[in-house]
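Here are a few exercises to work through with the structure open beside you. Try each task before reading its solution.

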Amino acid sequence: VLILNRKVGESIVIDDKVEVTILESVDGKIKLGIEAPKEVVILRKEVYEEVKAENTVASDISMEQFNNLNKK
Amino acid sequence: MKILTKFFGEIEIESENTLAFPEGLLGFEEEKEFVVLPIEGNPVFKVLQSTNTEYVAFVIADPWCFYKEYDIQVPDESLKSIEVQNREELSVASIVTLADRLEDSTVNLLAPILVNTEKNLGKQFVLSDGAYHTKHKLGSLQAQGDQCADS
């Protein structure tokens, strides 16, 4: 892991195309500004983890649960 | 080709019916190829089955069967990644998480499956607008689903 110290108003540039700027820091909450090309997908990690977890649960259904789809 | 499936045992599929998912699904990045299988007697739901891993299969459905007002914006860049050039090539499905009772089952509207039906290319797309989540109840909306199956 690369660790950098940044102050409010300072930025980092990733791979020449993504710029992350520290906009504000209040009570341990950091506000980031991200400038990136449109094709770069930016998600909060918890959203990503939520979808991953839901996929895992969705793939883990039993034959009994599946058979409910045929009961009318 | 013959494949092993989670719900239907060994079945024969046509290789031209397989869908390539170059990025896999979230949490299933190694699964690069799926096939959509119908469920006999229930046209609302289908199975998205991995062609390589027997136990990896998802129940999917047309989200508009349950949520008529479902409104998603897919950026051009994401459409490009599955080579979609016009709307007719794009099919949208949602993954359903089945519970012990069908009415407790949920549908994931946050991360729909996008498929280019012409090129047989698919991907899971995570919406960023915050209006949807992964567990919308099927429950009372089942009636709408039945209508959807009839049409």
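The exercises below use a predicted model and move from the chain contact to a surface patch and then to a loop.

**Exercise 1. How many residues does each chain bring to the contact, and how much area is buried between chain B and chain A?**

Step 1. Begin with the residues: chain B gives 36 to the contact and chain A gives 24.

Step 2. Next comes the area. The size of an interface is often given as the accessible area lost when the parts come together. Between chain B and chain A about 2,600 Å² is buried, with 62% of this from carbon and sulfur atoms.

Step 3. Now look for the main contributors on one side. B:Phe7, B:Leu26 and B:Leu98 supply 22% of the area that chain B buries against chain A, more than any other three residues.

**Exercise 2. Find the salt bridge between the chains, and say which elements of chain B give two or more residues to the side that touches chain A.**

Step 1. The count of salt bridges between chain B and chain A is one.

Step 2. Its partners are the side chains of A:Glu54 and B:Lys135, at 3.0 Å from N to O. A salt bridge needs that distance to be within 4 Å, so this pair qualifies.

Step 3. Widen the search to polar contacts, and nine residue pairs turn up across the interface of chain B and chain A, both residues at pLDDT 80 or more.

Step 4. On the side of chain B that touches chain A, the elements with two or more residues are β5 (45-50), β6 (57-61), β7 (90-97) and β8 (106-116). The largest share, four residues, comes from β8(B).

**Exercise 3. Is A:Ile42 buried, partly exposed or exposed, and which patch does A:Ile42 belong to?**

Step 1. Locate A:Ile42 in the loop between β3 (29-35) and α1 (45-59) of chain A.

Step 2. Its relative accessible area is 43%, so A:Ile42 is partly exposed.

Step 3. Together with A:Ile30, A:Leu32 and A:Ile34, A:Ile42 forms a nonpolar patch on the surface, and the four share about 360 Å² of accessible area.

**Exercise 4. What is the phi of A:Asp15 and of A:Asp16, and where do they lie?**

Step 1. Recall the background: most residues other than glycine have a negative phi.

Step 2. A:Asp15 has a positive phi of about 55°, and A:Asp16 has a positive phi of about 70°. Neither residue is a glycine.

Step 3. A:Asp15 sits in the loop between β1 (11-14) and β2 (18-26) of chain A, and A:Asp16 is in the loop between β1 and β2 as well.

Step 4. Finally, check accessibility: A:Asp15 is exposed at 60%, and A:Asp16 is exposed at 77%.

Technical notes: Residues numbered from 1 in each chain as written. Chains lettered and ligands numbered in written order. Heavy atoms only, no water. Patch = residues over 30% accessible without salt bridge, like charges linked within 9 Å, V, L, I, M, F, W, Y side chains within 5 Å. Areas by Shrake-Rupley, 256 points an atom, 1.4 Å probe, with all protein chains shown as cover. Buried < 20%, exposed > 50% of the residue type's maximum accessible area, 1.4 Å probe, protein only. Contact = heavy atoms within 4.5 Å. Buried area = accessible area lost by both parts, 1.4 Å probe. Polar contact = N/O pair within 3.5 Å; in protein donor to acceptor, adjacent residues only side chain to side chain.
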